[in-house]
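Biologist: I'm new to this one and would like a close look at a single part of it, with its surroundings. Could you walk me through it slowly?

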Amino acid sequence: MKINQNFDELVPNYLFAEIAKRVNDYQKNNPEKDIIRLGIGDVTLPLAPVVIEAMKKGADDLAAKETFKGYPDYEGYAFVREAVAEYYKSFGVDISPDEILISDGAKSDCGNIGDIFDKDNTVLVTDPVYPVYVDSNIMAGRKIIYADCNKENGFKALPDESVKADIIYLCSPNNPTGAAYTADELKLWIDYADKNSAIILYDAAYEAFISEDLPRSIFAVEGARKCCIEFCSLSKTAGFTGTRCGYTVIPKELERDGHNIYKLWYRRQATKFNGVSWPVQCAAAAVFSEEGQKQIKENINYYKKNGEIIAAALDELGIFYTGGKNSPYIWLECPDGMGSWEFFDLLLTKANVVGTPGAGFGKNGEGFFRLTSFGDRDKTIEAIDRIKAILA
Ligand code: PLP
């Protein structure tokens with residue numbers, strides 16, 4: 001037998017392994033040092049009380065014959081999809097519950113959606129990039145082209161008419177750069193996709209962090225229904241990184257190559273995915289309740305305040321950065337022309353603070369560095385004081 005040879009094309013993902021190695025080596029040689037981690041992309045606050053209550057009630061349902069639930073619907077229970085549709089309405093976007101499919105998270109859906117597209121499509125990703133878009137398409141043997149995001153374009157690549165792409169991944173607010181597209185910028189991508197009969201795969205995993213007047217969904221922008229699929233997640237919105245729940249939105253009228261895209265994705269999910277558990281779907285619906293929204297906003301605001309603290313320090317130091325305002329990520333230019341890893345080592349050894357070298361997210365990440373606002377408030381303040389002390 002032969003394995004899928006495309007796996008040989010994957011670039012070894014050494015980023016987090018290399019970070020862990022350098023941190024462990026340093027800690028071993030300096031056991032007295034208190035290292036603060038501002039590199040993590042995982043949340044640290046617990047689930048909201050109404051969410052936990054709904055999850056426990058869901059678990060109790062499974063304990064009685066009358067309320068027991070077996071396999072869920074492939075597309076998710078109607079009450080959860082209705083709750084998501086109402087949520088979209090709250091920021092002025094009209095999506096039918098029949099266009100929403102509940103899943104175990106955005107990573108799975110972003111990675112699996114390629115099943116419905118031919119291998120010969122050309123994929124466009126922005127660079128720096130969330131690695132799932134790249135690796136899942138390498139596994140499928142697709143050609144990938146990169147749109148440069150850099151200081152000049154504010155880390156927001158715009159379409160190049162001379163380039164032909166069939167599948168376009170956009171992530172806004174972006175991981176890792178925190179940059180968020182305006183409606184006008186997204187309209188340029190929509191027009192480009194429409195003209196090229198392409199499909200935009202829009203990852204809105206961080207939409208809940210938007211506080212300025214920017215689109216929370218690509219479907220807030222005119223024309224998106226003709227060419228877009230949107231992925232979203234409760235991971236960062238409501239702390240579901242370990243609980244696992246997300247959703248994908250596909251307009252019912254979206255067609256390509258004589259096929260209905262919603263139907264293809266439904267068929268794919270029905271074949272390879274057996275749904276999200278009852279207690280988790282109950283918990284997900286609770287996120288969208290009035291009380292749920294109030295409670296999750298407290299956590300989001302906590303993280304956003306951390307972001308403001310980091311951003312204010314960078315302003316003070318005169319360091320260029322994107323993100324922080326509409327995103328839990330702060331993407332900063334390493335001072336004095338330092339490389340990403342050089343700056344990583346400086347922060348680790350002189351400030352005992354860990355971040356993520358931008359070079360790990362693509363060639364345009366070299367010379368940049370990612371900090372996150374998902375940490376503890378006191379530790380974030382302490383880390384920022386230490387960074388200021390070595391850079392001021
Ligand atoms: N999309 C982006 C851009 C992310 O940064 C992440 C997680 O870090 C995900 C998707 C994964 O989301 P989920 O936890 O729902 O799989």
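Biologist: Let's take strand β3: how many bridges join β3 to strand β5, and do the two run parallel or antiparallel?

Modeller: Two bridges join them, and the strands run parallel. Before we go further, a word on the ground rules. This is a predicted model, where local features need pLDDT of at least 70, side-chain atom pairs count only at pLDDT 80 or more, and totals for chains, interfaces and linings use all residues. Residues are numbered from 1 along each chain as its sequence is written, and side-chain values use heavy atoms, with hydrogens and water left out.

Back to the strand. β3 covers residues 122-127 and β5 covers residues 167-171. Helices (H or I, at least four residues) and strands (E, at least two) are DSSP runs, numbered from the N terminus, and two strands count as paired if DSSP finds at least two bridges between them. Within this pairing, L124 of β3 has I168 of β5 as its bridge partner. β3 also pairs with strand β4 (residues 143-148): six bridges join these two, again running parallel. There, D127 stands opposite D148.

What links β3 to β4? Helix α5 (residues 131-139) does, and the three make a right-handed β-α-β unit. Right-handed here means that, with the strands pointing away from you, the path from the first strand over the helix to the second runs clockwise.

Now for how covered the strand is. Six of the six residues in β3 are buried, meaning under 20% relative accessible area (exposed is over 50%, partly exposed is in between, with a 1.4 Å probe and protein chains only). In a regular strand the side chains alternate between the two faces of the sheet. Here T122, L124 and T126 lie on one side, with V123, V125 and D127 on the other, and both faces are covered.

Just past the strand comes a twist in the backbone: a cis peptide bond joins D127 and P128, with omega about 10°. P128 sits in the loop between β3 and α5. There is a cis bond after β5 as well, from S172 to P173, with omega near -10°, and P173 lies in the loop between β5 and α6 (183-195).

It's worth following I168, the partner of L124, a little further. Not counting neighbours within four places in sequence, I168 is in contact (heavy atoms within 4.5 Å) with L124, W189, Y192, A193, A198, I199, I200 and L201. In soluble globular proteins, nonpolar side chains tend to be buried together. A nonpolar core is a set of buried Ala, Val, Leu, Ile, Met, Phe, Trp, Tyr and Cys residues joined through side-chain atoms within 4.5 Å. The largest one in this model has 104 residues, and I168, I200, I218, F240 and Y247 touch the most other members. Helix α9 gives this core its largest share, eight residues. Apart from it lies another core of 26 residues, including Y133, I167, Y169 and I250.

What about cysteines? A disulfide would be a pair of cysteine sulfur atoms within 2.5 Å, and by that rule the count is zero. C171 is in none, as the nearest cysteine sulfur, in C110, is 8.0 Å away. C171 counts as buried because its relative accessibility is 5%. The sulfur of C245 is 11 Å from the closest cysteine sulfur, in C232, so that is too far for a bond.

For contrast, here is another strand, β2 (residues 100-103). I100 and I102 point one way from β2, L101 and S103 point the other way, and all of them are buried. Four bridges join β2 to strand β8 (residues 246-249), and this pair is antiparallel; I100 stands opposite V249.

Helix α3 (residues 78-90) belongs in this neighbourhood too. Its buried residues, V80, R81, A83, V84, A85, Y87 and Y88, pack against β2, β7 (228-233), β8, α9 (278-287) and α10 (290-317). α3 has 13 residues and reaches 18 Å from its first C-alpha to its last, close to the 18 Å expected, where the expected span is 1.5 Å times one less than the number of residues. After α3 comes G92, with a positive phi near 80°.
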